[in-house]
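Good morning, colleagues. Please take a moment to look at the sequence and the structure before I begin.

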Amino acid sequence: MEKQADEAIPEVPGEPGAPLLHRDVVIIGAGFAGLACAKKLGGSAVSVLVVDRHNYHLFQPLLYQVATAALSPADITEPIRKILSPYANVDVAMDVPVQVDTGARVVRFANVPAVHYRCLVLATGSEYNYFGRDEWKAVAPGLKTIDDAREIRSRLLRNFEDAETCTDPVRQRMLMTTAVIGGGPTGVEMAGSIAELARWTLARDFRHIDPTQARTLLVEGGPRLLSAFPEELSHYARSQLERLGVTVLLGRNVENVTASGITVCGEDIPAALTVWGAGIRATPIAELIGVAADRVGRIRVAANLAVDELADVYALGDIALLEQDGSPLPALAQVAKQQGEHLGANLERALIDGVPVPEFRFDNRGNTAVIGRNAAVFDFGKRRMKGRLAWFLWALIHVYLLVGFQKRLLVTMQWVWRYFTYQRGARIIR
């Protein structure tokens with residue numbers, strides 16, 4: 001199919017004579033949901049514009065490995081244009097929306113020309129929720145972007161470098177202490193990876209400190225880790241982390257976070273680095289389209305993923321509030337990807353033939369978290385798996401989900417090398 005030429009719309013309310021581009025579908029966000037939707041629409045009879053603030057797609061489930069020097073950013077990113085280049089009907093722009101007029105069906109961006117759409121798909125993802133203490137963000141970075149991962153990696157490695165030359169034992173102990181806030185999959189994976197980095201990789205490299213004595217704390221306000229998993233797997237995760245030397249603090253609320261440590265239930269704990277993973281909220285896209293959101297910013301959608309009370313506007317992934325079997329669907333990559341594929345597979349018929357988009361039904365293919373070397377958990381609903389086999393399955397699935405054969409091969413080779421040598425190659429302090 002030949003690419004549809006830009007169609008100028010002569011006038012839009014409030015901006016007489018302003019030239020606009022026309023696209024049948026505008027997708028804002030190229031994460032798992034937006035990219036899956038665009039790929040399903042690729043090669044169809046509708047014109048598509050994908051807009052993202054970055055020029056790359058990020059495989060977020062492996063971002064913690066960039067933060068702990070196991071992988072480099074290039075290993076888990078792929079240019080959006082490259083991914084969508086086979087589809088002549090799909091255009092890509094690097095920008096952010098600044099105004100959405102759902103009445104006129106116009107999206108205005110910071111840099112690219114405004115676009116008139118027939119259908120708008122919102123898939124802008126989520127950000128970390130600091131629960132009203134946004135000042136903590138500067139001293140306790142989350143793990144949502146490449147910049148976050150690079151900052152955490154640099155600070156983590158720099159702390160060991162500073163500890164090597166520090167003559168004050170109290171400060172040296174503080175420099176070798178890392179606190180991870182939040183006992184969900186991100187917190188568990190991050191704490192385990194930091195402990196492995198210190199115990200097995202850095203232990204050989206320093207002369208005046210013993211990295212195996214580094215302290216990693218995992219603080220969770222609830223009664224157990226991995227609260228979305230069965231208790232059996234939660235207990236296994238805790239035991240494996242403690243075998244790695246991680247100190248797990250459950251039922252403890254964080255009261256303050258500073259550059260030099262955290263306060264937990266009235267106790268000040270010195271720590272040179274704090275990593276935040278205690279909860280997420282949707283990006284503030286609801287304000288842009290003028291609809292109400294829940295307490296974490298999600299937009300309520302109908303069973304077919306359409307935004308309530310707005311014509312031809314859909315919300316996917318972490319920003320969408322959709323209940324299934326009495327509970328909201330979780331903010332997982334597999335949920336976002338399935339929603340994107342479902343919508344993308346049905347939008348062409350909806351736009352051309354007027355056939356309504358059918359209801360979406362999430363097919364749970366298992367929830368997983370990796371704790372460390374040879375240790376992971378898998379929850380398939382009726383079946384559960386833990387240990388070495390779960391770890392191997394986790395690795396297999398994550399390699400398969402990476403975009404592009406080259407990325408899969410590179411990551412596999414690095415993991416094999418790391419498994420047998422206990423080394424990590426991306427130990428760069430910027």
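I shall describe one sheet, the helices beside it, and then a hairpin.

Please bear in mind that this is a predicted model.

Let me begin with the sheet. It is open and has 4 strands, paired in the parallel sense, in the order 12-11-10-16. Which strands lie at the edges? They are strand 12, residues 246-250, and strand 16, residues 273-276, and each of them pairs on one side only. From one strand to the next, the twist averages 20 degrees.

As a general remark, the strands of a sheet pair through backbone hydrogen bonds, in either a parallel or an antiparallel manner.

Within this sheet, strand 10, which covers residues 177-181, is joined to strand 16 by 4 bridges in the parallel sense. One residue to locate there is Ile181, whose bridge partner in strand 16 is Trp276.

I turn now to the helices. Helix 4, residues 146-165, packs on the sheet and touches strand 10 and strand 16. The direction of helix 4 makes about 155 degrees with that of strand 16. Helix 7, residues 231-243, also packs on the sheet, where it touches strand 11 (215-220) and strand 12. Its direction makes about 140 degrees with that of strand 12.

Finally, the hairpin. Strand 6, residues 97-101, and strand 7, residues 106-109, are paired in the antiparallel sense over 4 bridges. Gln99 has Arg108 of strand 7 as its bridge partner. How many residues lie between the two strands of this hairpin? There are 4, and in the turn Arg105 has a positive phi of about 60 degrees.

Methods: Residues are numbered from 1 along each chain as its sequence is written. This is a predicted model: local features need pLDDT of at least 70, side-chain atom pairs count only at pLDDT 80 or more; totals for chains, interfaces and linings use all residues. Side-chain values use heavy atoms; hydrogens and water are left out. Two strands pair if DSSP finds at least two bridges between them. Axes are lines fitted to C-alpha atoms, for helices over the stretch in contact, and angles run from 0 to 180 degrees between N-to-C directions. Contact means heavy atoms within 4.5 Å.
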